[in-house]
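Let us walk through this structure together, one part at a time. Keep the sequence and the 3D view side by side as you read.

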Amino acid sequence: MNPSEQIDQLIAKLTDWRGKTLAGLRRSILEADKEIVEEWKWMGSPVWSRDGIIAVVNAHKDKVKLTFSHGASLADPDKLFNAGFGGKVWRAIDVFEGDTIDERALKNLIRAAIEFNQARKKTKKAPAAARSKGPSSKET
């Protein structure tokens with residue numbers, strides 16, 4: 001099974017509100033950017049990536065947790081993050097039964113995570129490029 005099929009299967013197994021919530025989060029994530037890739041990691045967690053991990057989702061007994069891998073570095077003007085403030089990197093959105101998520105705000109947060117990943121990727125490549133520009137053999 002590919003990751004998308006595994007996520008489909010997980011949603012189908014969650015026959016209560018958590019399955020519907022996960023399906024809605026997934027739809028919003030995928031609609032935010034056409035180049036987002038679905039992955040299946042850590043023994044059964046749906047993960048969305050583009051130029052690095054954007055977010056992972058886990059269904060718990062009483063909530064669905066959407067965790068952004070670099071959430072602490074993202075602006076959150078709509079105040080979607082409501083969990084994970086104790087750490088230095090991750091931030092999460094805990095969705096409980098009956099909660100609604102502002103889809104526009106979520107898509108903006110997803111796009112901000114992609115921009116963050118792309119900026120990190122460029123920063124990591126820059127030092128290597130600078131090192132390769134050492135003295136030329138024509139210098140005496």
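**The pocket and the sheet**

The lining of the largest pocket is made up of five nonpolar, five polar and four charged residues. Please keep in mind that this is a predicted model. The largest pocket has a volume of about 170 Å³. Fourteen residues line this pocket, and those closest to its centre are T21, G24, L25, T100 and I101. Three elements, α2 (17-32), β5 (91-96) and α3 (103-131), each give two or more residues to the lining. The element that gives the most is α2, with six residues.

Now turn to the strands. Five of them form an open sheet in the order β1-β2-β3-β4-β5, and their pairing is antiparallel. At the edges are β1 (37-41) and β5, each of which pairs on one side only. From one strand to the next, the twist averages 20°. As a general point, strands of a sheet pair through backbone hydrogen bonds, either parallel or antiparallel.

Begin with β1, which pairs with β2 (residues 45-49) in the antiparallel sense over five bridges. If you look for K41, you will find S45 of β2 standing opposite. Helix α1 (residues 3-13) packs on the sheet, where it touches β1 and β2, and its direction makes about 70° with that of β1. Helix α2, which you met at the pocket, also packs on the sheet: α2 touches β1, β2, β3 (53-59), β4 and β5. The direction of α2 makes about 25° with that of β4.

Let us follow the chain onward from β3. A hairpin of three residues joins β3 to β4, and the two strands run antiparallel with five bridges between them. On the other side of the pairing order, β4 and β5 also run antiparallel, joined by six bridges. One residue to find here is F68, whose bridge partner in β5 is R91.

How many residues of β4 are buried? Six of the six are, so β4 is largely enclosed by the rest of the structure. In a regular strand the side chains alternate between the two faces of the sheet. In β4, K63, K65 and T67 point one way, while V64, L66 and F68 point the other way, and all are buried.

T67 is a good place to pause. This residue is found in β4, which covers residues 63-68, and the bridge partner of V56 in that strand is T67. Is T67 buried or exposed? Its relative accessible area is 11%, and because buried means under 20%, T67 counts as buried. Leaving out residues up to four places away in sequence, T67 touches I54, A55, V56, W90, R91 and A92.

Our last stop is G84, which lies in the loop between β4 and β5. With a relative accessibility of 39%, G84 counts as partly exposed. Apart from its neighbours within four places in sequence, G84 is in contact with W90 and R91. Both W90 and R91 also appear among the residues that T67 touches. Along the chain G84 and F68 are 16 residues apart, and their C-alpha atoms are separated by 9.6 Å. To come back to the sheet, F68 is the β4 residue whose bridge partner in β5 is R91, and R91 is one of the residues in contact with G84.

Key. Residues are numbered from 1 along each chain as its sequence is written. This is a predicted model: local features need pLDDT of at least 70, side-chain atom pairs count only at pLDDT 80 or more; totals for chains, interfaces and linings use all residues. Side-chain values use heavy atoms; hydrogens and water are left out. Helices (H or I, at least four residues) and strands (E, at least two) are DSSP runs, numbered from the N terminus. Buried means under 20% relative accessible area, exposed over 50%, partly exposed in between (1.4 Å probe, protein chains only). Contact means heavy atoms within 4.5 Å. On a 1 Å grid over the protein atoms alone, a cavity is a set of points where a 1.4 Å probe fits but cannot get out, and a pocket is an open set with protein on both sides within 12 Å along at least five of seven lines; lining residues have an atom within 4 Å of a point. Grid points are joined across faces, edges and corners, and a volume is the space filled by probe spheres set on the points. Ala, Val, Leu, Ile, Met, Phe, Trp, Tyr, Cys and Pro count as nonpolar, Asp, Glu, Lys and Arg as charged, and the others, Gly among them, as polar. Two strands pair if DSSP finds at least two bridges between them. Axes are lines fitted to C-alpha atoms, for helices over the stretch in contact, and angles run from 0 to 180 degrees between N-to-C directions.
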